[in-house]
Amino acid sequence: YGKKWGIFHHYLYNIQNNPLFSNNQNAGETDWNICTGALDVKLLAKTLHEIGAGYYFITVMQGRKYMIAENNTYRTIVGDDVANECLSRRDLIEELYTELSQYNIDLYLYFTGDGPYKDVQIGNLFGFTEPRTNITVDFVRKWAAVLRDYSIRYGNKVKGWWLDGMYQQEFGYTTELMQLYYNAIKVN
């Protein structure tokens with residue numbers, strides 16, 4: 001296989017949209033679409049190739065409602081107004097795949113098991129918020145459906161998934177609940 005190392009990239013709203021950093025081209029706190037629009041995927045892929053990276057991970061989301069690509073299931077659950085604010089109009093996943101594949105760099109996606117819990121309104125729509133000790137089958141089914149939507153959409157363009165935050169002691173995850181996520185990514 002020969003791909004011994006790669007890059008893991010946390011591309012998150014609270015980091016990209018922090019007015020104290022220059023991550024969003026010094027735009028200050030701004031719209032999520034300005035942030036996602038600022039990522040130069042051609043330069044990123046070229047740089048990864050030049051440094052010899054064999055794979056690239058990027059976060060789809062983490063903790064908040066903002067995601068790097070459209071998701072119809074998420075849109076249905078949260079409504080168009082929220083979805084228009086927090087789902088990137090630019091399909092970063094598809095664009096990353098297109099550019100990375102030119103250099104034979106594998107694309108991996110990071111997704112969490114605690115959903116948008118930091119956004120109370122949205123977390124409540126899914127059924128999981130702080131203190132994050134109340135995992136339910138209903139939440140996992142909804143959140144796994146969001147993951148399934150991405151899995152179907154991108155299929156084998158995504159080499160693998162890193163599913164994080166499915167803690168047994170802290171949240172109450174069981175093997176049966178985690179199976180719903182497994183089924184979501186194995187739908188293809």
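Q: Which residue in E3 does Ile58 stand opposite?
A: Start from the pairing of two strands and then look across. This is a predicted model, and in it Ile58 stands opposite Leu109 in E3. The two strands involved are E2, residues 55-59, and E3, residues 106-112; they run parallel and are joined by five bridges.

Q: How many strands form the sheet, and in what order?
A: Walk from strand to strand through the pairings. Here you get four strands in an open sheet, ordered E1-E2-E3-E4, with parallel pairing. The edges are strand E1 (6-9) and strand E4 (160-164), since each of them pairs on one side only. On average, neighbouring strands of the sheet are turned by 20 degrees against each other, ignoring direction.

Q: Which helix lies across E2 and E3, and at what angle does it run to E3?
A: For packing like this, compare the direction of the helix with that of a strand. Helix H6, residues 92-101, is the one lying across E2 and E3, and it runs at about 155 degrees to E3.

Q: Next, the loop after E2. Is Val60 buried or exposed?
A: Look at relative accessibility. Val60 counts as buried because its value is 0%, and the cut-off for buried is under 20%. You'll find Val60 in the loop between E2 and helix H4 (72-78). Setting aside neighbours within four places in sequence, Val60 is in contact with Tyr66, Met67, Ile68, Ile93, Leu109, Tyr110, Phe111 and Tyr150. Leu109 in that list is also the residue that Ile58 stands opposite.

Q: How many cavities of 30 Å³ or more are there, and which residues line the largest cavity?
A: Take the count, then the volume, then the lining. The count comes to one cavity of 30 Å³ or more, and the largest cavity has a volume of about 60 Å³. Val60 turns up again in its lining, along with Tyr11, Leu12, Tyr13, Asn14, Trp32, Met61, Gln62, Arg64, Tyr66 and Ile68. Sorted by type, the lining residues are eight nonpolar, two polar and one charged.

Q: Now for the backbone. Which peptide bond is cis?
A: First the background: most peptide bonds are trans, and most residues other than glycine have a negative phi. In this model, the bond from Glu130 to Pro131 is cis, with omega near 15 degrees. Pro131 sits in the loop between helix H7 (120-126) and helix H8 (137-154).

Q: What about phi: what value does Arg132 have, and what value does Asn104 have?
A: Look for a positive sign at a residue that isn't glycine. Arg132 has a positive phi of about 55 degrees, and Asn104 has one of about 60 degrees. Arg132 lies in the loop between H7 and H8, while Asn104 belongs to the loop between H6 and E3. Their surroundings read like this: Arg132 is buried, at 19% relative accessible area, whereas Asn104 counts as exposed, at 53%.

Q: Which residues is Phe171 in contact with, leaving aside its neighbours within four places in sequence?
A: Contacts like these show what comes together in space from elsewhere in the chain. For Phe171 they are Asp114, Phe128, Arg132, Thr133, Ile135 and Gly165. Take Arg132: the C-alpha atoms of Phe171 and Arg132 are separated by 5.9 Å, though the two residues are 39 apart along the chain. Phe171 is found in helix H9, residues 168-171, and is buried, with a relative accessible area of 6%.

Conventions
Residues numbered from 1 in each chain as written. Predicted model: local features only at pLDDT ≥ 70, side-chain atom pairs only at ≥ 80, totals over all residues. Heavy atoms only, no water. Pairing = 2+ DSSP bridges. Axes fitted to C-alpha atoms, helices over the stretch in contact; angles between N-to-C directions. Contact = heavy atoms within 4.5 Å. 1 Å grid on protein atoms, 1.4 Å probe; cavity = no way out; pocket = protein on both sides within 12 Å on 5 of 7 lines; lining within 4 Å. Points joined across faces, edges and corners; volume = space filled by probe spheres on them. Nonpolar A, V, L, I, M, F, W, Y, C, P; charged D, E, K, R; others polar. Buried < 20%, exposed > 50% of the residue type's maximum accessible area, 1.4 Å probe, protein only.
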